[in-house]
Structure formats: structure tokens, C-alpha cells
Amino acid sequence: MSSSDRLVVVGAGVSGLTTATVLAEAGAHVHVIADEVPGVTSLAAGALWGPYLVEPKDKVDQWSQHSLQVFRELAIVAGTGVRLCSGIDASRHAEAPPDWATTLPDFRPCEVSELPPGFVSGYRVTVPLIDMPVYLAYLQSRLEEAGGTIGQRRLRTFDDAGPAAAIINCTGLGARDLVPDPALYPIRGQHVVVENPGLTEHFGEDTGPSPDLLCLYPHGDTLVLGGTAIDGSGDLTEDPATAQAILARCTAVEPRLTRTRVIEHRIGARPTRSRVRVERDHIDNGTPLVHNYGHGGAGVTLSWGCAADVHQLLSERACGRACSALI
Ligand SMILES: Cc1cc2nc3c(=O)[nH]c(=O)nc-3n(C[C@H](O)[C@H](O)[C@H](O)COP(=O)(O)OP(=O)(O)OC[C@H]3O[C@@H](n4cnc5c(N)ncnc54)[C@H](O)[C@@H]3O)c2cc1C
């Protein structure tokens, strides 16, 4: 097969690796080009399934449901980093649960007695919880097993990708310069990873518009504590004061954290825009370009659904010779 018959996926975060895997397993010759392997923002995610604060709603519902199905299947496969985890989302105010939560089979509202002191409403759900370093390594090996290849370098323009039947843009925040797309902006997030003192359930607080979040995600021996959501900041340097504040917030709801040891800090910038962008385009020389970026704080949740839409867009005959392997 000549290099002009290959599909080039730009980006090796959760969007790029998932999309590349779907295309390679469908029989296409796939090459991934990325600056970071894997993407730093994807590594920083907690990561709990949940379609929070992303639009457009109809597509987000469809993408997240598709991913939910795939994650349920991955949860019974050893070594994927995915498991189904029961836990509570709670609020210090009387809040109704989001619609998507109430449709989950084991959803139930909590009694106040089940909640930490100071919380007045909450609900319990069982959802996929994903250990991102393990999961991204799993995706990378699954892609390579399907014949996909990865080259680490930064592109200045899509033309730098070299010969390709089609290019798939999964560059997260990188799309701001590469497309360019000035509508894309960062929301900084910081997590502290600690030794797990024995937690098995997830916990999250509905903190409304506050930049200070509160979440606890147990992954076996480690526990990811969050977090923050700083609008407009793409600064990825660790902030010790923020880490201390996260530890204090989490310890206030989970006293077992009092003497836990900090293992590492993970910082990422959620690639945010008013609507996730999954659509067909082309570059100046006519090569088809399919965008898959702008997933904000829900890129893991949407990953399999968006990848399936990219596959669909490339399989449509309008994509021409480019995607003959997929038609
Ligand atoms: C603290 C935090 C917590 C989160 N928690 C959750 C959660 O619980 N659930 C959930 O669903 N989501 C969560 N998210 C959101 C999720 O992490 C993101 O939506 C997702 O990681 C975006 O993935 P991506 O692959 O699109 O981008 P990225 O992971 O940023 O990957 C982009 C890739 O493109 C490459 N790239 C960019 N520009 C170029 C270029 N010019 N040339 C070559 N390569 C380039 C990069 O090197 C990288 O490989 C969280 C995010 C953060 C920061």
C-alpha cells in the first residue's frame, strides 16, 4: 500500500488513539503523528464517564451512550484500566440530578445520612472509571496490534503530515493554531495522585460555577484527587498551593486521607469550545480533513462515540478515493 493510501491521525490523546484504533480495526492503513505520546491532557483526566457541560446535546447523548457501551465491555477485560465503579455525586444545596444520570439502570437518590457532613442532596450511580495512564497504554498497544503506527513530531500545518488519503484532526487545544480555531480555549485542571488508603467508590461534589472542584477517583493502590477548572488558563505548571487546597477539600469529606502520601501531580487543559467539532473539511490541496476536537471536560466520555462518527464520515462516498479501505 502506498503512503498516499494511508489515513493520518494527528494527535495521540484519548481522541486520537481511540479514532486511530477504530479506523485501523476497520481495515484502514493508519499512521498517527503527535507531539506528545500520549497527550498530556488525556493523561491528567480522572477519569469518570459523565457528559458534563458539553454541547451539542443531541450528539453528546449519542456519543456518550456509544462510549458507555464500549467501556462496559472493556471493564470485563483485564489490563484495560477500565472498571465499573459505584459512587456518589453530592451537593451542599438541594440539586436535582442531571437527566443523563437518572437514565442509568442503577441510579438512585441518596438519603442525607449517606452523605458527608454539610451535604444535603446527592445520588448514587455505577459508571465507568478509567485509569488513564493504564488505559492510554492499552489503546496504544491495541492500535499497534491492528497495524497502526505512531510517529512523534509536531506539525506546523496539516501539509506537514505528508501524503495521506485523509487527515483526521484530533489535536485537542493544538487545533487553535493548526486549524486555526480561535473559538477554542483552555480550562486548566489540576489533580493530586495519592496512595489510596482503601477507598473503592468514587465521590464528586456539584460545585456549580466554582473553579474549585472536589472529586475522589480510586484506582486500586492510587487515588486521584481533584480538582480545579480555571477558565482561560492553559498553564501546565504544578501549583503547590492549589495541590494543598485540593488535599484539604478532599480530606474534609474523607478523613482517611489525613496521613496519605502524595505520589504525583497531573495537570491538563481541557480543550473547550461552544460545541464539540466532529465534521468533514479539506486542506488547500484537496485532501479530506475530518475534525474531532473540542471535547472540553468530557473527552474520555465522548471518545468512542466521536471515533465512530469519524469512521462514518470517512466511509461516506463523498470522501472519495481517500477512504476506499473503509467503504
Ligand atoms: C483535570 C482534568 C480532568 C478531566 N476529567 C475528565 C473526566 O473525568 N471524564 C472525561 O470524560 N474527561 C475528562 N477530562 C477531559 C479530557 O481529559 C479531555 O477532553 C481529553 O483528554 C481531550 O483529549 P484529546 O485527545 O482531544 O486531546 P489531548 O489529550 O490534549 O491530545 C492532543 C494530542 O494532539 C497532539 N497535538 C496537538 N497539536 C499538535 C501539532 N501541531 N502537531 C502534532 N501533534 C499535536 C498532542 O501532542 C496530543 O498528542 C478532564 C480533563 C482534565 C484536564
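**Close-up views of a predicted model**

**View 1. Helix 3 and its buried residues.** Let's start with helix 3, where V60, W63, S64, S67, F71 and L74 are buried. These residues cover an arc of only 95° around the axis, which puts them on the same side of helix 3. Flip to the other side of the helix and you'll meet exposed residues: D58, Q69 and E73. So far so good, but keep in mind that this is a predicted model. The helix runs through residues 57-74, 18 residues in total. From its first C-alpha to its last, helix 3 reaches 25 Å, close to the 26 Å expected at 1.5 Å a residue. And what covers its buried residues? The cover includes strand 3 (82-91), strand 5 (121-130) and helix 8 (299-315).

**View 2. The whole protein, for orientation.** Step back for a moment and you can count 8 helices and 15 strands in the protein. The radius of gyration is 20 Å, close to the 20 Å that the globule rule gives for 327 residues, so the protein is as compact as a globular protein of that length. Along its principal axes, the C-alpha trace spans about 65 × 40 × 35 Å. Of the 327 residues, 46% count as buried. Now take the contacts between residues at least 6 apart in sequence: 74% of them join residues at least 24 apart.

**View 3. Where domain 1 touches domain 2.** The protein is divided into two pieces here, and the chain passes between them more than one stretch at a time: domain 1 is made of 1-81 + 131-184 + 274-327, and domain 2 of 84-128 + 185-272. Their C-alpha centres lie 27 Å apart. The contact takes 23 residues from domain 1 and 24 residues from domain 2. On the domain 1 side, the elements that give two or more residues are helix 2 (40-44) and helix 3. Helix 2 gives the most to that side, with 4 residues. Sorted by kind, the domain 1 residues that touch domain 2 come out as 13 nonpolar, 8 polar and 2 charged.

**View 4. Two cis peptide bonds, each leading into a proline.** Zoom in on the bond from V37 to P38, and you'll find that it is cis, with omega near -5°. P38 sits in the loop between strand 2 (30-34) and helix 2. Move along the chain and there's another cis peptide bond, joining E55 and P56, with omega about 0°. P56 has its place in the loop between helix 2 and helix 3.

**View 5. Helix 1, mostly covered.** How many of the 12 residues of helix 1 are buried? The count is 11, so to speak nearly the whole helix is wrapped up. The buried ones are V14, S15, G16, L17, T18, T19, A20, T21, V22, L23 and A24. Helix 1 spans residues 14-25 and reaches 16 Å from its first C-alpha to its last, close to the 16 Å expected at 1.5 Å a residue. Just after the helix, look for G27, which takes a positive phi of about 110°.

**View 6. Helix 7, with a buried side and an exposed side.** Over at helix 7 (residues 240-253), I246, R249 and C250 are buried. They cover an arc of only 90° around the axis, which puts them on the same side of helix 7. On the other side, P240, A241, Q244 and A248 are exposed. Among the elements covering the buried residues are strand 8 (185-195), strand 10 (212-219) and strand 11 (222-228). The length checks out as well: at 1.5 Å a residue, the 14 residues should span 20 Å, and the end C-alpha atoms are 21 Å apart, which agrees.

**View 7. A94, out in a loop.** You'll find A94 in the loop between strand 3 and helix 4 (99-102). Is A94 buried or exposed? It counts as exposed, because it has 7 C-beta neighbours inside 10 Å, and a residue with 12 or fewer falls in that class. Leaving aside residues up to four places away in sequence, A94 touches V120 and S121. The C-alpha atoms of A94 and G297 are separated by 24 Å, and the two residues are 203 apart along the chain.

**View 8. G286, another loop residue.** Finally, G286 lies in the loop between strand 14 (277-282) and strand 15 (288-293). G286 is exposed, with 9 other C-beta atoms within 10 Å. Between the C-alpha atoms of G286 and Y185 there are 28 Å, with 101 residues separating the two along the chain.

Conventions
Residues numbered from 1 in each chain as written. Predicted model: local features only at pLDDT ≥ 70, side-chain atom pairs only at ≥ 80, totals over all residues. Expected span 1.5 Å × (residues − 1). Buried ≥ 20, exposed ≤ 12 C-beta atoms within 10 Å, placed from the backbone. Arc of directions from axis to C-beta. Contact = placed C-beta atoms within 7 Å. Domains from an automatic or database assignment. Nonpolar A, V, L, I, M, F, W, Y, C, P; charged D, E, K, R; others polar. Rg over C-alpha atoms; globule rule 2.2 N^0.38 Å.
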